[in-house]
Amino acid sequence: MPRANVNEPAILVENLSKTYGRGDTAVQALKNASLQVAAGEVVGLLGPSGSSKTTLLQCLGAITDPSGGRIRLGGQTLYDNGWQYSNRRALRRDQIGFIFQRPYLIPFLDATENIAILPMLQGQGRKQSYARANELLDTLDIRHRASARIEELSGEEQQRVAIARALANHPRWCWPTNRPPRWTASAPWTLCGCCMKWRNGPTQR
Ligand SMILES: Nc1ncnc2c1ncn2[C@@H]1O[C@H](COP(=O)(O)OP(=O)(O)OP(=O)(O)O)[C@@H](O)[C@H]1O
Ligand SMILES: [Mg+2]
């Protein structure tokens with residue numbers, strides 16, 4: 001991977017395009033989309049349903065293949081008319097916190113396990129991974145549901161577990177694609193509150 005340029009924005013998107021499918025049924029979701037985000041900036045992406053918000057974030061999260069253009073994260077090229085980052089699985093696991101539109105939690109694990117599995121996949125010990133999960137359960141105000149199975153959680157509680165999972169490995173970038181339950185920074189467990197806390201004091205690796 002090329003060397004990082006520290007003077008660049010944290011996120012730089014240039015002329016990004018994404019077409020789903022081909023032929024008569026092709027959907028051009030992104031056409032020359034460009035975006036710059038400075039380090040520490042919290043940006044909200046607003047637009048009507050179908051305006052490709054999720055598509056853009058999934059490309060930035062190295063989940064969906066763009067069709068063309070360029071993405072640079074932290075001054076390093078992630079995509080330039082093709083992926084430039086060889087181990088995208090490790091990138092997603094270690095550096096990107098992705099909050100999907102649906103929670104996508106693992107149904108046979110409880111709330112704590114759904115969070116702790118991320119540090120464990122990174123190679124951290126069980127004790128440290130569970131401590132991190134408990135810290136996030138506290139932050140998101142769902143520690144009392146720590147042992148609950150996913151099907152026993154309310155929809156919003158599931159979203160909170162999904163937010164905790166996204167933050168478990170102290171990501172450098174966080175892409176929340178869901179609508180926040182309540183858009184306020186005052187409640188610490190809302191998406192906005194978590195982003196603010198995460199931006200103001202990301203815990204060290
Ligand atoms: N896998 C796919 N195959 C084909 N078309 C798709 C696929 N995923 C999304 N699209 C289409 O691409 C466009 C953008 O979808 P996307 O999910 O990015 O929109 P969105 O802005 O996130 O919408 P919402 O606010 O409803 O979540 C839509 O027209 C959608 O139907
Ligand atoms: Mg969406």
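**A walk through a predicted two-domain model**

Apart from neighbours up to four places away in sequence, alanine 38 is in contact with Pro9 and Ala10; contact here means that two C-beta atoms, placed from the backbone, lie within 7 Å. The model is predicted, so local features are given only at pLDDT of at least 70 and side-chain atom pairs only at pLDDT 80 or more, while totals for chains, interfaces and linings use all residues. Residues are numbered from 1 along each chain as its sequence is written, and chains are lettered from A and ligands numbered from 1 in the order in which they are written.

Alanine 38 and alanine 10 stand 28 residues apart in sequence, yet their C-alpha atoms are 5.1 Å apart in space. Alanine 38 sits in the loop between S2 and H1. These labels refer to DSSP runs, numbered from the N terminus: helices are H or I runs of at least four residues, and strands are E runs of at least two. Is alanine 38 buried or exposed? It counts as exposed, because it has 10 C-beta neighbours inside 10 Å. The scale behind this word has three steps: 20 or more other C-beta atoms within 10 Å of a residue's own make it buried, 12 or fewer make it exposed, and anything in between is partly exposed, with C-beta atoms placed from the backbone.

With those terms in hand, the whole chain can be surveyed. The protein has six helices and six strands, and along the sequence they follow the pattern β-β-α-β-β-α-β-α-α-α-β-α. Of its 205 residues, 34% are buried. Among contacts with a separation of 6 or more, 62% join residues 24 or more positions apart.

Strand S2 spans residues 27-37 and holds both asparagine 32 and alanine 33. Asparagine 32 has a positive phi of about 55°, although it is not a glycine. With 10 other C-beta atoms within 10 Å, asparagine 32 is exposed. Alanine 33 has 18 such atoms within 10 Å and is therefore partly exposed. Leaving aside neighbours within four places in sequence, alanine 33 is in contact with Val13, Leu16 and Leu56. Leucine 56 lies 23 residues away from alanine 33 along the chain, and their C-alpha atoms are separated by 8.5 Å.

S2 also takes part in the surroundings of ligand 1. This shell has 13 residues, and the closest are Tyr20, Ser49, Lys53, Thr54 and Thr55; a residue belongs there if its C-beta atom, placed from the backbone, lies within 6 Å of the molecule. Strand S2 and helix H1 (53-60) each supply at least two residues of the shell. H1 gives the most, with three. By class, the shell has three nonpolar, nine polar and one charged residues. In this count, Ala, Val, Leu, Ile, Met, Phe, Trp, Tyr, Cys and Pro are nonpolar, Asp, Glu, Lys and Arg are charged, and the others, Gly among them, are polar.

The next topic is the interior. In soluble globular proteins, nonpolar side chains tend to be buried together. The largest nonpolar core of this model has 39 residues, and those with the most contacts inside it are Ile71, Ile115, Leu136, Val161 and Ala164. H5 gives the most to this core, with six residues. Domain 1 (11-86) and domain 2 (99-200) both contribute residues, so the core lies between them. A core of this kind is a set of buried Ala, Val, Leu, Ile, Met, Phe, Trp, Tyr and Cys residues joined through C-beta atoms within 7 Å, and the domain bounds come from an automatic or database domain assignment. Not counting residues up to four places away in sequence, isoleucine 71 touches Val13, Leu16, Cys59, Leu60, Leu78 and Tyr79.

Helix H3 covers residues 111-122, and its buried residues are Ala111, Thr112, Asn114, Ile115, Ala116, Leu118 and Pro119. What covers these buried residues includes helix H4 (126-139) and helix H5 (155-167). After H3 comes glycine 123, with a positive phi near 105°. In the loop between H4 and H5 lies aspartate 141. Its phi is also positive, near 60°, in a residue other than glycine. Aspartate 141 is partly exposed, because it has 15 C-beta neighbours inside 10 Å.

Strand S5 (residues 96-99) completes the route. Ile96 and Phe98 point one way from S5, Gly97 and Ile99 point the other way, and all are buried. S5 and strand S6 (residues 173-176) pair in the parallel sense over four bridges; pairing requires that DSSP finds at least two bridges between the strands. The bridge partner of isoleucine 96 in S6 is tryptophan 173.
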